[in-house]
Structures are given as C-alpha cells and as structure tokens.
Amino acid sequence: MNHSWVEIDLNRLRQNVRALRTAIPEKTAVMLVVKADAYGHGLIPIAKAASAEGINWFAVAFLDEALKIREALPDVNILVLGLVLPEHVNLLLEKRIFPVVTCLEHGLSMGAAAQALGKKLPVHLKVDTGMGRLGVQWNEVSETVKKLDEAGGLEWAGVCSHFARVEPDAPDHASVQAVRFQAAQNALPSHVFRHISSSRAALYYPEWDFSGVRQGIVLYGYGATDPKGRFQTSPILQWKTRVVQVKKVPADYAVGYYGTYRTEYPTQIATLAVGYADGYNRALSNRGDVLIGGRRCAVVGRVSMNWIAADAGPDSGVKVGDEAVLIGKQGEEAIWADELSKICRTIPYEILTSIHAALERRYI
Ligand SMILES: Cc1ncc(COP(=O)(O)O)c(C=O)c1O
C-alpha cells in the first residue's frame, strides 16, 4: 500500500525473444544485454526466462553481474562489456566468463596475469569503430593483436564493436563503422565470435548480424514497433502503486511544493505512493499522467520524494487503496516508458533503469 511495485511479464519476454528469433537466421546467436539489473527488470529472473527460451549468451557491464549469472546458469556464455582488471583473471577462468580487451596495455596485463597462472585467457577484442568510448582504435587492431599474440596469455574467442548511431533510412554513419569492423576482423582467426549489432541495427540491418546480435531494449519491449523493422516487440514491465489519500479541494487550490499547480475547478486529488526517490522523474511534475480506474489523470504539482498528486476529477469515484499505473496498461489506456521519456527529454532506457532496485519486482 505504501510502496510502488513493478510487474514483469515473463511470458511477454518470451514472446519478444521468439519474435526476434524467428526474424533472424538460425545460425545467428542472440546475446541478451542484462546490464543495469536487466534494464531495471531484475537480472536473474530475466536471465533465467531468456535462457529457458534458448538464449545462451548474456552481456553485462561488470564482473559482479557476470558472477551472479554464472551462479544461476552454469552453462551459458557470459561476456563482460566493461573493464575487468588482471587481478580477476583467476575468477574469469574459474567461472568461464569472457572479458573484453579494451586496449593494448589492458590486453598485456590480462595476458600476463593468465600466464602467471600457466593458462590462456579466452577474450573478446573490443574495437572502437567510431563510438569513441571503449576499445582498441579500429586502425590499430592488427598491430595490437600482433603485439598481444607475441606477448602471449590470451586466446581470441571473439571480436566486437558498438554502433554510435543507427538510422533506419540513413545507414551512412553505421556503414562506416561496419566496414571498419569487418576490416578489424581480418586480424583475428576467422572462427571467432563476431558481434556489433545492438537493437536498432538488428532491426534494420541484417547484413551486420555477423555471428550474433547483442540485444537489449527491444527484448524489454521498446523501439521495435515499426512495421519496416525485422520484428516487433512489446513492453514487459509495468510500474504500479496505490492511492493513499483522496481529498476534495476547491478551485484555485495550490497543490504541492511551491504551489506550481492551482486547480481550475473543484476536484479530487489522489495522492499516490511514489516519488522521485523511487525513480519517478521530477520532470513529470505537472506534465505526466497516471492511470486510475482505467482513466488518465494528470500529475499535478511537483513530484516529491515519496508522493505524487494526481487530479482524479470531480466525480471520479477513486478510493484509497485503488491501484494506479505509472507505466503500463489499465483498461483501454496505456502509458509506456517511451511516453514518459519524451516528457522527461530522455530515453526509455533511463526511465526503466531509474526505477529503484529496492522496489518489489513481481514476475508474472
Ligand atoms: C556495448 C553495448 N552493447 C549492446 C547494448 C544494447 O543496446 P540496445 O539496448 O540498444 O540493444 C548496449 C547498451 O547500452 C551496450 O552498451
């Protein structure tokens, strides 16, 4: 009653996986990106459900996330997309987790740590083809690989890159990256696992599938509604709370901190148990909607730390304890994270990953 909660539809996740799976060739692997607690959906339940649907590659940002997956899923492939330090090489080997090599120095230190253990560490080479973030510069790949081969300690298991920009109707920028990625692959054995495409690339550019596609947001149900895309998916997460008070207020009544909203008519204000401390963005103050009783109600006044106020309307019939939907569907109405992200001038990724991890996740 006093807290909001999150409902995750694992069946719909499975449908999303199937929609992707049937759209891409059988030989193309799907690597599910489950960093940031599976985009706020809960790492292990998502990984388990996806694994039951046949996904056997998972990508995370940090080693601790990889260890959690290994604990739950002993046989899947796990790749850490972020930096892993040489002091953890032992753990990587023991738990069969792939790190990426991000630059020559990193590769040398990882190789040396493996050699000190008398082993070779299987790694994926991360290539910067134009993202300007992590990875060996595309035009320095051959030289870097040569030096790392000479130094020893590493075994090339994969090579990857990341698109900075993918436009469905303007492939130029991504094409440049794809060409650089292809050239970089020549420096590595031909059997290595090659992957570059995140969601938008997989949706629109089959030619860049390579060995597998690294998919995040589309499998959580965003960004894949365009009929021109190779597949369509729908959101799997709903965020709900309850009405904790309903009050009748007159016209011209100030609501919330600094009275940024004044009622235009006598109405009923429903106070809901959610606030910015839970990840409900303050930019939704006086701009967002919530669903109560199957109707849209405006968020009025400023979003505060633990509560928001919604205008339920003069004769709403809304009662204390009623369910309110922040993200999701109620009756015929729906509010999804992309709607909120537009209001907040951000992206659905941020709306989803901002939902506080401590809030209860219910898996359906
Ligand atoms: C390196 C890398 N690969 C893949 C992804 C997945 O992207 P998307 O959710 O757009 O599929 C991300 C997301 O942040 C990423 O950083």
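**Figure 1. Y39 sits in helix α2, which covers residues 35–40.** The model shown here, as in every view below, is predicted. Y39 has a relative accessibility of 8%. Residues under 20% count as buried, so Y39 is buried. Look at the backbone too. The phi angle of Y39 is positive, at about 50°, although Y39 is not a glycine. Y39 is also one of the residues that come nearest to the ligand.

**Figure 2. The ligand has 14 residues around it.** Which of them come nearest? They are K35, Y39, S199, I217 and Y349. Three polar contacts can be picked out in this view. In the side chain of K35, an N or O atom is 2.8 Å from an oxygen atom of the ligand. R133 also uses its side chain: a polar atom there lies 3.1 Å from a ligand oxygen. G216 uses its backbone instead, with a polar atom 2.9 Å from an oxygen atom of the ligand. How much of the ligand does the protein bury? Taken alone, the ligand exposes 400 Å², and the protein buries 91% of that.

**Figure 3. F210 lies in the loop between α9 (199–204) and β10.** Is F210 buried or exposed? Its relative accessibility is 16%, so F210 counts as buried. The phi angle of F210 is near 50°. That is a positive value in a residue other than glycine.

**Figure 4. Helix α1 runs from residue 10 to residue 23.** It has 14 residues. At 1.5 Å a residue, α1 should span 20 Å. The C-alpha atoms at its ends are 20 Å apart, so the expected span and the model agree. What caps the N-terminal end of α1? The cap is D9, with a side-chain oxygen 3.1 Å from the backbone nitrogen of N11.

**Figure 5. Helix α1 has buried residues and an exposed one.** L10, L13, N16, V17, A19 and L20 are buried. What covers these buried residues? The cover includes the strands β1 (5–8), β2 (29–33), β10 (212–215) and β20 (361–363). It also includes the helices α3 (43–52) and α10 (217–220). Now find T22, which lies in α1 as well. T22 has a relative accessible area of 70%. The cut-off for exposed is over 50%, so T22 is exposed.

**Figure 6. K240 lies in strand β11, which spans residues 237–249.** K240 has a relative accessibility of 8%, so K240 counts as buried. Which residues does K240 touch, leaving out those up to four places away in sequence? They are S4, W5, E7, E323, A324 and V325. With E7 there is a polar contact: the two side chains are joined at 2.9 Å.

**Figure 7. The protein is divided into two domains: domain 1 (10–220) and domain 2 (237–335).** The C-alpha centres of the two domains lie 42 Å apart. For another distance, take T22 and Q245. These residues are 223 places apart along the chain. How far apart are their C-alpha atoms? The separation is 48 Å.

Note on methods:
Residues are numbered from 1 along each chain as its sequence is written. This is a predicted model: local features need pLDDT of at least 70, side-chain atom pairs count only at pLDDT 80 or more; totals for chains, interfaces and linings use all residues. Side-chain values use heavy atoms; hydrogens and water are left out. Helices (H or I, at least four residues) and strands (E, at least two) are DSSP runs, numbered from the N terminus. Buried means under 20% relative accessible area, exposed over 50%, partly exposed in between (1.4 Å probe, protein chains only). A polar contact is a pair of N or O atoms within 3.5 Å; within protein, one must be able to donate a hydrogen and the other to accept it, and residues adjacent in sequence count only if both atoms are side-chain atoms. Contact means heavy atoms within 4.5 Å. The expected span of a helix is 1.5 Å times one less than its number of residues. A residue is near a molecule or strand if one of its heavy atoms lies within 4 Å of it. Accessible areas come from the Shrake-Rupley method with a 1.4 Å probe; for residues, only the protein chains shown count as cover. Domain bounds come from an automatic or database domain assignment.
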